[in-house]
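Here is a short report on selected local features. Keep the sequence and the 3D view open while reading.

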Amino acid sequence: MEFNYCRRPTVTVKVGNVAVGSDYPIRLQSMNSTSTTDVEGSVAQALRIAQAGADIDRLTAQGVREAEALGEIRSKLREAGCTMPLVADIHFNPRAAFAAATRVEKVRINPGNFVDPGRVFKKIEFTDEEYAAELRKIDDAFGPFVELCKANGTAIRIGVNHGSLSDRIMSRYGDTPAGMVESAMEFLRVARRHNFNGIIISIKASNTVIMVETVRRLVAAMDQEDMHYPLHLGVTEAGDGDDGRVRSAVGIGTLLSDGIGDTIRVSLSEEPECEVPVARELTDYITARASAPFVLGRLPQGFDPFAPKRRKSRALGKVGGTNVPVVLGYDKVEAPLLRFDASMDCDEMISAVKAAPEAAVVLTSTSQNPVGEIAAAICALTEAGVDSPVIASLGYGDLPHEKVVIRAAADFGTLLLNGLLDGIEILAGQLDHEAMTSLALGILQAARVRVSKTEFVSCPGCGRTMFDLQTTVHQVKAATSHLKGLKIAVMGCIVNGPGEMADADYGYVGAAAGNVTLYRGKTAVEKNIPSAQALDHLIDIIKADGLWQEPEA
């Protein structure tokens with residue numbers, strides 16, 4: 001895998017007046033959190049999203065009524081001079097998809113529930129003949145929809161979510177990246193048989209490791225079948241604040257660094273217009289690497305992009321080997337540190353490192369593409385037989401807090417997800433020591449290499465959300481953020497809730513208007529609790545399981 005920044009070539013797909021594909025800038029998206037039947041409120045929010053700089057906006061359409069309301073929303077936006085294309089988000093209801101296809105510029109369908117019923121989390125066995133019959137059902141249901149979109153010039157997004165794979169896919173592939181890829185490919189093959197190329201694909205997860213692996217596998221699968229559709233990137237249920245920005249930048253930034261991605265959404269549990277500046281900063285930062293003035297090298301021989309393993313290094317005290325990656329300035333590192341600019345002559349660096357086997361290596365870079373330069377240096381060290389631990393140190397000058405968060409998460413996240421580092425160091429003039437340490441630990445946790453705090457998974461909210469999501473997320477975090485090692489999910493509705501939070505310890509999921517169902521793992525343990533009481537009930541469940549700790553005074 002090369003670390004030169006170069007976009008993966010794709011066909012061009014028109015979404016209204018916006019062209020999506022490798023010949024065009026990476027397009028930015030957001031999604032309304034209003035009820036789609038609230039036409040005036042949806043129009044007002046869509047205008048704010050457009051003013052924030054979004055190219056495309058999505059709204060949920062649970063049924064035909066909501067799909068029809070999308071037509072009104074679109075008309076009012078056009079009357080207001082806003083030409084931003086709209087996307088209908090469909091789950092479980094193909095009739096709504098057919099109704100939306102004549103009213104908006106793009107329709108997102110979920111392969112996990114367009115034909116198949118909702119996932120029941122039970123092992124269901126299919127014979128080969130039964131499985132083939134299920135595939136014919138996809139052709140019968142999706143084929144006419146493709147023809148309708150072709151006739152109306154409507155684009156389709158095939159949007160796979162880790163949390164909503166069908167029981168049919170689960171029976172054959174399990175809850176795996178391979179299953180997510182096949183879920184998309186089944187529908188892509190139907191579109192190809194109908195000679196329809198107006199397809200954009202997304203394949204998302206809240207786990208950045210799974211998200212990156214799955215998208216890479218999807219690209220490889222499409223290449224094998226000579227498919228070159230644009231890709232939409234996103235980390236689902238990323239959360240809010242710095243946590244949401246870090247998790248999104250780690251996952252999306254890694255794939256953008258691969259040259260993968262033609263449109264993105266940063267999903268935050270905040271007002272939707274807050275997502276757009278984050279997406280803009282991330283895409284501008286990564287795509288600027290196209291003008292980096294040097295060859296950036298490659299990853300070590302034997303690197304597996306689908307399941308990258310951590311580079312083998314020897315342990316020097318608590319750094320390297322099987323130790324969790326360290327944070328310089330926070331963890332005690334007893335080994336001497338050899339600091340090098342990653343741009344220096346590789347032979348000189350290798351000789352210096354071999355002459356000091358007791359030392360860990362710290363690589364810095366001031367390049368426009370620090371990820372590429374540091375990856376190239378690590379590659380050279382590794383292939384020269386050097387197994388010293390490697391720590392990356394990057395400085396962000398006096399950039400404001402949010403820019404540092406996004407850039408550092410994208411830089412270090414890419415190197416960590418590719419298995420290259422034994423530690424990190426963040427230097428930023430506008431962040432004090434505590435803030436830099438918190439950011440560094442957050443990046444390590446988002447990359448799934450070191451757990452240091454409670455992990456929260458929360459959706460951004462949409463017209464399906466059953467309670468005040470933003471307030472609830474803040475309340476749950478305030479009450480449980482001291483429970484290190486637990487994973488707690490706050491999900492607005494049942495569409496992706498039970499699936500996306502399936503590996504969480506506890507889940508708080510909207511069940512009906514103002515009511516919540518609480519989960520322990522995949523199991524619903526208390527149903528339809530009034531939302532005002534749900535947090536207390538969640539705490540009681542954690543206490544009953546013996547996992548509660550009183551917060552420090």
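Is Phe92 buried, partly exposed or exposed? The model is predicted. In it, Phe92 counts as partly exposed, because its relative accessibility is 41% and the partly exposed class lies between 20% and 50%.

**Positive phi values**

Phe92 is found in the loop between strand 5 (86–90) and helix 3 (94–100). Its phi is near 70°, a positive value in a residue other than glycine. Asn528 is not a glycine either, yet its phi is positive, about 55°. Asn528 is found in strand 20 (residues 523–530). With a relative accessible area of 46%, Asn528 is partly exposed. Gly53 also has a positive phi, near 110°, and follows helix 1.

**Helix 1**

Helix 1 covers residues 39–51, 13 residues in total. From first C-alpha to last, helix 1 reaches 18 Å, close to the 18 Å expected at 1.5 Å a residue. Which residues of helix 1 are buried? They are Val39, Ser42, Val43, Gln45, Ala46 and Ile49. These buried residues pack against strand 3 (27–31), strand 4 (56–60), helix 2 (64–79) and helix 9.

**Helix 8 and helix 9**

Helix 9 (residues 275–287) also pairs with helix 8 (residues 241–257). Their axes come within 10 Å and cross at roughly 35°. The crossing is right-handed. Helix 8 brings Arg245, Ser248, Ala249, Ile252, Gly253, Leu256 and Ser257 to the contact. Helix 9 meets them with Val278, Leu282, Thr283 and Ile286. By class, the contact has 6 nonpolar, 4 polar and 1 charged residues.

**Cysteines**

A disulfide is a covalent bond between the sulfur atoms of two cysteines. How many disulfides does the count give? The count comes to 0. Two cysteines illustrate the spacing.

| Cysteine | Closest cysteine sulfur | Distance | Relative accessible area |
|---|---|---|---|
| Cys82 | Cys274 | 18 Å | 9%, buried |
| Cys346 | Cys379 | 8.7 Å | 32%, partly exposed |

Why does Cys82 form no bond with Cys274? The two sulfurs are 18 Å apart, too far for a bond, because a disulfide needs sulfur atoms within 2.5 Å. The sulfur of Cys346 is 8.7 Å from that of Cys379, so this pair is too far for a bond as well. Cys82 is buried, whereas Cys346 is partly exposed.

Methods: Residues numbered from 1 in each chain as written. Predicted model: local features only at pLDDT ≥ 70, side-chain atom pairs only at ≥ 80, totals over all residues. Heavy atoms only, no water. Axes fitted to C-alpha atoms, helices over the stretch in contact; angles between N-to-C directions. Helix = DSSP H or I, 4+ residues; strand = E, 2+ residues; numbered from the N terminus. Left-handed = near helix turned anticlockwise from the far one by under 90°. Contact = heavy atoms within 4.5 Å. Nonpolar A, V, L, I, M, F, W, Y, C, P; charged D, E, K, R; others polar. Buried < 20%, exposed > 50% of the residue type's maximum accessible area, 1.4 Å probe, protein only. Expected span 1.5 Å × (residues − 1).
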